[in-house]
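I opened the notebook on this one to see how the pieces are put together. Notes follow in the order I looked things up.

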Amino acid sequence: MSACRFALAAGVLLAAACATEQNSASTASPHLGKAMTDVELAFWDSAILIDGSNLPAGSGSSAQGKVVYQQKCAACHGATGTETDTRLTPLVGGRGSLATAQPVRTLGSYWPYSTIVFDYIRRAMPYNAPKTLSNDEVYALTAYLLQANGIIGEAAVMDRTTLPAVQMPNRNGFVMASENVK
Amino acid sequence: MSQADASAEPEAVAGNGLLHRRLFLTRGLTLAGAMGVAGHAHAQVAPPKHPEWMMRQGTGLSGYGQPSKFEDGVKRIMGQPNPLTPTLGSTRTPLEKLTGMITPNGLHFERHHSSVPDINPDAHSLLIHGLVRQPQKWDMSALMRYPMTSVIRFIECSGNSGAAKRAVPQTSVGQIHGLLSCSEWTGVKLSHLLDETGLADGASWIIAEGAEASSMVRSIPLKTALDDVIVALYQNGERIRPEQGYPMRLLVPGCEGSVNVKWVHRIKVVNGPGHSRDETGQYTDLLPDGRALQYTLILGPKSLIIHPSVGMKMSQPGFYEISGLAWSGHGAVRRVEVTADGGKSWADAELTEPVLSKCLTRFRMPWSWNGGPATLASRATDDRGNVQPTHAVAIANYGEVGAYHYNGIQPWAVAQTGEVANVRM
């Protein structure tokens with residue numbers, strides 16, 4: 001089994017070479033996992049990947065998102081998302097500030113992928129009622145925040161196709177800290 | 001005590017009174033005379049008598065033991081949550097009130113990205129899907145039947161010590177550096193479960209998700225996941241406390257706290273890191289040129305002198321034991337050097353066994369304080385040869401504006417009054 005693991009660790013799946021090892025492993029392994037249904041898989045596969053491949057159906061515009069924002073977000077994040085007096089990270093602004101002594105790291109100035117916005121809102125927001133927004137509302141809020149940061153135009157509609165295509169200003173701003181990743 | 005009369009004294013190994021680390025092992029019995037014991041009381045002393053607890057019965061049995069009421073002040077150091085998000089925030093381990101290498105479960109630091117969920121273990125499962133041959137889920141009763149492993153490992157929030165990076169706070173060592181704890185963790189090796197699901201072509205990272213309100217997700221290299229990651233079910237022998245991830249958390253030894261995903265319920269095997277909000281917007285190191293380091297997962301070598309430390313007061317000149325903690329996310333601590341003269345001379349401290357990989361290690365150093373000014377500091381080296389950096393080098397490594405991954409040397413200044421303060425060295 002250890003040789004098999006080594007092959008896996010190297011990122012190479014040697015299916016044939018491991019088959020014998022896996023057979024021997026199976027006798028020593030409880031194998032108590034249950035298969036997941038397609039419905040379960042679809043429901044739980046919720047953390048959105050940067051290629052947008054598991055984005056759900058639905059769509060929203062910045063105009064629609066502004067309405068949702070005022071109803072469900074502004075109480076904490078402020079009327080415009082630029083506010084700093086809430087002790088929450090501002091949502092809007094900061095473009096061009098990253099290389100200064102006072103960087104403002106917002107989703108617009110800092111986050112490298114547009115899909116992160118959708119992903120985070122959908123699973124974590126609003127703070128007092130997470131996972132209650134419809135997919136249309138999440139797309140609309142994403143559109144509103146991208147538009148407020150000057151990344152997309154007011155007419156743009158975000159959906160599973162258009163959102164991953166949005167290029168974020170800091171797309172190339174991150175470097176893997178390779179010595180700290182093994 | 002001056003260096004001049006050292007011939008009659010224990011061996012000095014570095015400036016300003018540092019003594020050989022084996023002092024007690026080799027010369028323990030002769031020390032009392034050489035160093036002088038606290039003087040006999042000359043004042044009027046009441047005649048001895050039995051204390052009241054020796055003369056009547058105390059309390060009886062209890063279902064879950066608690067600390068003495070005289071230890072009531074030993075509590076986690078509370079943060080100040082934003083009123084908008086009252087359950088989000090952190091508490092810190094009161095390092096200055098503890099010793100040894102193990103953190104009591106109720107004093108393990110907390111860092112919650114939303115709140116502590118009240119999970120019914122009978123309704124909790126662990127799902128593994130994505131680039132696997134057979135997506136599977138395990139309920140608690142199934143996981144409990146797997147072979148388990150136990151390890152003693154530290155967990156440190158990557159934001160630990162951030163206050164010491166930006167400023168020179170005069171708060172307690174726990175307040176500054178207490179996003180750090182160490183426990184024995186017992187659970188199922190993740191590699192065991194991934195063996196059973198099998199892996200598909202292209203699998204190179206995993207994304208783990210917690211079952212709290214904000215569904216924290218963090219990415220971990222598959223190589224790490226197959227190496228020493230544990231789905232931990234027990235902490236110091238009992239089931240993991242709710243605030244530490246009940247009924248299960250990931251233990252990712254040596255890696256920044258937030259990847260040790262609490263309340264873990266889902267792992268997706270993927271072909272690259274997820275770049276989630278908490279590994280882009282947070283937990284990244286913004287450098288002066290505007291670029292940011294990402295996935296700074298393995299925590300570098302670090303140490304702290306805890307006794308004495310900022311805010312304490314040394315009562316009088318004479319013998320003290322300097323003690324503290326050292327650790328590294330890369331492996332075991334190989335040596336801890338201590339200085340008492342602000343870095344002019346260093347000597348090796350005694351490492352208290354066991355010295356384990358990716359685990360807190362207690363170090364101890366005998367010191368004869370002469371009553372004059374002294375600047376104490378410690379410097380850890382791990383078994384990969386990584387040396388704890390100076391403040392300047394630590395800032396150069398991870399930028400100045402962020403609060404993450406700071407592992408610079410922490411000096412304390414002892415004044416002639418005996419008061420201990422935080423300083424830069």
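Before counting any sheet neighbours, I fixed the rule: two strands pair if DSSP finds at least two bridges between them. I also kept in mind that this is a predicted model.

**Entry: strand 19 of chain B**

With that rule I looked up strand 19 (residues 318–327) of chain B and found that it pairs with strand 23 (residues 361–369) of chain B over nine bridges, in the antiparallel sense. I picked one bridge as an example: Phe319(B) has Ser368(B) as its partner in strand 23 of chain B.

Strand 19 of chain B also pairs with strand 18 (residues 302–307) of chain B, again antiparallel, over five bridges. Here I noted Leu325(B), in strand 19 of chain B, as the bridge partner of Leu304(B).

Then I asked how many residues of strand 19 of chain B are buried. I got seven of the 10, so the strand is largely enclosed by the rest of the structure.

**Entry: an open sheet in chain B**

Next I went to strands 3, 4 and 5 of chain B, which form an open sheet in the order 3-4-5 with antiparallel pairing. Which strands sit at the edges? I have strand 3 (77–78) and strand 5 (110–112) of chain B, each pairing on one side only.

Strand 4 (residues 89–92) of chain B is joined to strand 5 of chain B by three bridges. Among them I jotted down Gly89(B), with His112(B) as its partner.

**Entry: chain A overall**

I counted eight helices and four strands in chain A. Along the sequence the pattern reads α-α-β-α-β-α-α-α-α-β-α-β. Of its 182 residues, 37% count as buried. I also checked contacts with a separation of 6 or more, and residues 24 or more positions apart account for 53% of them in chain A.

**Entry: helices 4 and 7 of chain A**

Two packed helices are described by the angle between their axes and the distance between the axes, so I pulled both values. The axes of helix 4 (residues 62–72) and helix 7 (residues 135–148) of chain A come within 7 Å and cross at roughly 100°. That crossing makes helix 4 of chain A roughly perpendicular to helix 7 of chain A.

The residues in this contact divide into six nonpolar, four polar and two charged. On the helix 4 side of chain A I listed, among others, Val68(A) and Tyr69(A), and on the helix 7 side of chain A the list includes Leu141(A) and Tyr144(A).

**Entry: where chain A meets chain B**

For the interface I got 49 residues of chain A in contact with 55 residues of chain B. Which element of chain A gives the most to the side that touches chain B? I found helix 6 of chain A, with five residues. Other elements supplying at least two residues include helix 1 (2–9) and helix 3 (38–44) of chain A. The side of chain A that touches chain B divides into 34 nonpolar, seven polar and eight charged residues.

I then looked for strands paired across the chains. Strand 1 of chain A is joined by two bridges to strand 7 (residues 136–139) of chain B, running antiparallel. Lys34(A) has Lys137(B) as its bridge partner there.

**Entry: back to helix 6 of chain A**

Last, I checked burial in helix 6 of chain A: 10 of its 10 residues are buried. Charged names turn up on that list too, including Asp119(A), Arg122(A) and Arg123(A). The buried residues of helix 6 of chain A pack against helix 7 and helix 8 (162–165) of chain A.

Methods:
Residues are numbered from 1 along each chain as its sequence is written. Chains are lettered from A and ligands numbered from 1 in the order in which they are written. This is a predicted model: local features need pLDDT of at least 70, side-chain atom pairs count only at pLDDT 80 or more; totals for chains, interfaces and linings use all residues. Axes are lines fitted to C-alpha atoms, for helices over the stretch in contact, and angles run from 0 to 180 degrees between N-to-C directions. Angles under 35 degrees count as roughly parallel, over 145 as roughly antiparallel, 65 to 115 as roughly perpendicular and the rest as oblique. Two residues are in contact if their C-beta atoms, placed from the backbone, lie within 7 Å. A residue is buried if 20 or more other C-beta atoms lie within 10 Å of its own, exposed if 12 or fewer, and partly exposed in between; C-beta atoms are placed from the backbone.
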